[in-house]
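Visitor: Before we begin, could you show me the chain, and then let me ask how its descriptions are justified?
Guide: Here it is, and your questions are welcome.

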Amino acid sequence: MSSPELGSEQQALVDALEAEHAAVFGYGVVAAFVDPSASEAVEEDTAAHRARRDATADALRAAGVDPPVASPGYTVPFPVTDPASAAQLAEQIESDTTVAWRSVVERARSESTRADAVGALTETAIRAARWRASRGVVPSVAFPGQP
């Protein structure tokens, strides 16, 4: 079903799906160390990433592209050993998925893909801002998905 040459939109969706796979894995690490008062947020964020992952895989299949499966494991960018580093990882996960969805917005050719990507971009940016605020960092980002 998968073609060897993906269009720009499909490649962006593949990249976003891979970011969602990594996000679901990463939130498992976050859940192990997060402050218990944030457990509900972790559950909600994990569920949101699972739903986005599944919808993105469905969109790829509908476009005739075999969606990539999750890797057996992922490397987190820094050691997570306590609630503070768990919150920092959650923020990083959201920032990483924001970058992926911003790319989909930029490369989308269809209106429906662009609309879905804008929704995903908005959700990830809001979650990233919430995790930054939980760490006491002023959540100011000029444009989500940009450094």
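**Reasons behind the labels**

Guide: In this predicted model, the lining of the largest pocket takes at least two residues from each of α1 (8-33) and α3 (83-107).

Visitor: What makes up the lining of the largest pocket, in terms of nonpolar, polar and charged residues?
Guide: The lining divides into nine nonpolar residues, four polar ones and one charged one. The volume of this pocket is about 180 Å³, and of the 14 residues that line it, those closest to its centre are A22, A23, T75, I93 and D96.

Visitor: How do you know where empty space is left?
Guide: A probe the size of a water molecule is rolled over the atoms, and this shows where empty space remains.

Visitor: What elements does the protein chain have, and in which order do they run?
Guide: The protein chain has four helices and zero strands, and, read from the N terminus, the order is α-α-α-α.

Visitor: How do you know what radius of gyration to set the protein chain against?
Guide: The comparison is with a compact globule of 147 residues, for which the radius of gyration would be near 15 Å; the protein chain has 15 Å, so the value agrees with that rule. Along the principal axes, the C-alpha atoms of the protein chain fill a box of roughly 45 × 35 × 25 Å.

Visitor: How much of the protein chain counts as buried, and how much area does the chain expose?
Guide: Of its 147 residues, 39% count as buried. The protein chain exposes about 7700 Å², of which carbon and sulfur atoms supply 55%. As for contacts between residues at least 6 apart in sequence, 76% join residues at least 24 apart.

Visitor: Why is T113 called buried?
Guide: The relative accessible area of T113 is 12%, and buried means under 20%, so T113 is called buried. T113 belongs to helix α4 (residues 111-134), and, leaving aside neighbours within four places in sequence, T113 is in contact with E9, L13, V104 and A108. The C-alpha atoms of T113 and V137 are separated by 32 Å, with their positions 24 residues apart along the chain.

Visitor: Why is Q92 called partly exposed?
Guide: Q92 has a relative accessible area of 30%; since buried means under 20% and exposed over 50%, with partly exposed in between, the value for Q92 earns the label partly exposed. Q92 lies in helix α3 and, apart from neighbours within four places in sequence, is in contact with P77 and F78. Q92 and A128 are 36 residues apart in sequence, while their C-alpha atoms are 7.5 Å apart in space.

Visitor: What makes F25 partly exposed?
Guide: For F25 the relative accessible area is 31%, and a value between 20% and 50% counts as partly exposed, so the label applies to F25. F25 has its place in helix α1, and, not counting residues up to four places away in sequence, F25 touches G73 and Y74. Between the C-alpha atoms of F25 and V76, which are 51 residues apart along the chain, the separation is 9.4 Å.

Visitor: Why is D82 called partly exposed, and where does D82 lie?
Guide: D82 lies in the loop between α2 (39-62) and α3. The relative accessible area of D82 is 32%, which is not under 20% and not over 50%, so D82 is called partly exposed. D82 and F33 are 49 residues apart along the chain, and their C-alpha atoms are separated by 5.3 Å.

Note on methods: Residues are numbered from 1 along each chain as its sequence is written. This is a predicted model: local features need pLDDT of at least 70, side-chain atom pairs count only at pLDDT 80 or more; totals for chains, interfaces and linings use all residues. Side-chain values use heavy atoms; hydrogens and water are left out. On a 1 Å grid over the protein atoms alone, a cavity is a set of points where a 1.4 Å probe fits but cannot get out, and a pocket is an open set with protein on both sides within 12 Å along at least five of seven lines; lining residues have an atom within 4 Å of a point. Grid points are joined across faces, edges and corners, and a volume is the space filled by probe spheres set on the points. Ala, Val, Leu, Ile, Met, Phe, Trp, Tyr, Cys and Pro count as nonpolar, Asp, Glu, Lys and Arg as charged, and the others, Gly among them, as polar. The radius of gyration is taken over C-alpha atoms; the globule rule is 2.2 Å times the number of residues to the power 0.38. Buried means under 20% relative accessible area, exposed over 50%, partly exposed in between (1.4 Å probe, protein chains only). Contact means heavy atoms within 4.5 Å. Accessible areas come from the Shrake-Rupley method with a 1.4 Å probe; for residues, only the protein chains shown count as cover.
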